[in-house]
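Hi,

Here is the structure I promised to pass on. My notes on it follow below; have a look at the model first and then see whether you read it the way I do.

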Amino acid sequence: MALRPGTLLYHVREAACSIARNSWLALASAGVVTVALLIFGSSLLFVLNTHHVIRDIESKVEISIFLKSDVSPRDVGALGARLRQRPEVADVRFISKEEALQIVKQDLGDKADLLAGMEKDNPLPDTYRVRTHRADQVPVLAAELAAWPGVEQVRYGQEVVERLLAVTRWARLVGVGAMFFLAGAAVFLIATTIRLSVYARRREISIMKMLGATNWFVRSPFLLEGVILGLTGGLVAVGLTMAGYFPLVSVLENALPFFRLVSERQVLLPVFGGLVLFGLLLGTLGSFISVHRFLKV
């Protein structure tokens with residue numbers, strides 16, 4: 001329902017006066033929103049970083065395809081072309097037996113002399129290393145590749161991949177479940193605190209209804225109050241989350257360079273902006289539920 005400027009100004013003034021009159025209750029309501037969104041935002045960042053780490057690990061899972069020694073160079077090239085045509089394959093890298101020997105020597109370092117003379121009779125096979133788009137594609141593809149002609153053996157770290165897939169599934173289920181639980185808890189807490197504010201003004205509302213005020217006229221100041229409290233709680237929660245998250249990212253980057261948390265602005269800005277909007281939504285929803293139930297009674 002559209003509101004005239006004068007009516008809107010009245011509702012804004014009433015909402016501000018209600019917050020001023022019930023300052024401690026308003027502070028408690030904003031605090032509840034802040035705590036709920038702080039927990040929710042921290043859980044969201046935890047899930048986001050868990051998925052980031054899992055995706056990073058998944059991107060490093062490789063299938064090693066060892067070829068038979070009697071495979072001709074033409075068949076080796078044809079096998080590589082066939083691999084690149086597979087839709088689940090993200091990257092294909094060929095390592096010749098000569099290159100493989102050089103890699104082994106580099107890994108041995110000072111003990112590389114142990115491999116002296118192996119250039120003439122190199123026992124290492126030609127190898128293809130394949131990466132898939134998703135880790136769950138590795139077992140199926142590896143089983144199929146093992147039956148290809150010219151393939152001697154296929155390895156991909158079966159136990160590691162299976163454990164990674166199990167951890168991935170549990171992390172996603174727990175993360176989604178935690179976010180839904182916290183969202184429901186936040187709505188319940190905000191609805192409860194706004195209901196206290198409505199109850200404190202029950203006589204005033206009864207008088208307004210007796211004088212012919214519509215439900216929307218009665219409801220609007222409380223909705224605006226919920227918007228203000230939700231927005232305030234959201235902004236404070238985002239500020240506290242940023243104040244704790246970015247120093248944590250900096251500390252971990254210095255202490256554990258190989259363990260990188262999500263720090264890209266294009267990823268984090270929607271998260272922080274969403275928390276503010278979510279706080280506004282929770283405040284509005286909590287106010288609407290509380291006032292709606294009161295007006296029904």
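Along the sequence the elements run α-α-β-α-β-α-β-α-β-α-α-α-α, which makes nine helices and four strands (DSSP runs numbered from the N terminus: H or I of at least four residues for helices, E of at least two for strands). Bear in mind that this is a predicted model, where local features need pLDDT of at least 70 and side-chain atom pairs count only at pLDDT 80 or more, while totals for chains, interfaces and linings use all residues. Residues are numbered from 1 along each chain as its sequence is written, and side-chain values use heavy atoms, with hydrogens and water left out.

Some overall numbers: of the 297 residues, 39% count as buried (under 20% relative accessible area; exposed is over 50%, partly exposed in between, with a 1.4 Å probe and protein chains only). About 17,700 Å² is exposed, and carbon and sulfur atoms supply 64% of that (Shrake-Rupley method, 1.4 Å probe; for residues, only the protein chains shown count as cover). Among contacts (heavy atoms within 4.5 Å) between residues at least 6 apart in sequence, 83% join residues at least 24 apart.

Now the inside. The largest nonpolar core has 20 residues, and Ile63, Ile65, Leu83, Tyr128, Val130 and Leu145 touch the most other members. A core here is a set of buried Ala, Val, Leu, Ile, Met, Phe, Trp, Tyr and Cys residues joined through side-chain atoms within 4.5 Å. Two or more residues each come from β1 (63-67), α3 (73-84), β2 (89-95), β3 (127-132), α5 and β4 (151-155), with α5 giving the most, four residues. Apart from this core lies another, of 18 residues, including Val33, Phe40, Tyr245 and Val271.

Ile65 is a good place to start looking: leaving out residues up to four places away in sequence, its contacts include Leu83, Tyr128, Val130, Leu145 and Val154.

Helix α5 (residues 138-145) buries Val138, Leu141, Ala142 and Leu145. Those four cover an arc of only 100° around the axis, so they sit on the same side of α5 (the arc is taken from the directions from the helix axis to the C-beta atoms). Val140 and Ala143 are exposed on the face turned away from that buried side.

On to charges. The whole structure has three salt bridges (a side-chain nitrogen of Lys or Arg within 4 Å of a carboxyl oxygen of Asp or Glu). Arg86, in the loop between α3 and β2, is buried at 19% relative accessible area. Arg86 pairs with Glu88 at 2.8 Å between the closest N and O atoms, and Glu88 is buried too. Arg86 also bridges to Glu144, N to O at 2.6 Å. Glu144 lies in helix α5, so this second pair ties together parts 58 residues apart in sequence. Arg86, Glu88 and Glu144 thus form a salt-bridge network.

The remaining pair is Arg131 with Glu62, at 3.2 Å between the closest N and O atoms. Arg131 is in strand β3 and Glu62 in the loop between α2 (23-59) and β1, so parts 69 residues apart in sequence are tied together.

Which residues form a nonpolar patch on the surface? Trp170, Leu173 and Val174 do, with about 380 Å² of accessible area together. Patch residues have over 30% relative accessible area and no salt bridge, with like charges joined within 9 Å and nonpolar side chains (Val, Leu, Ile, Met, Phe, Trp, Tyr) within 5 Å. Trp170 belongs to helix α6 (residues 158-200) and is exposed at 60% relative accessible area.

Cheers
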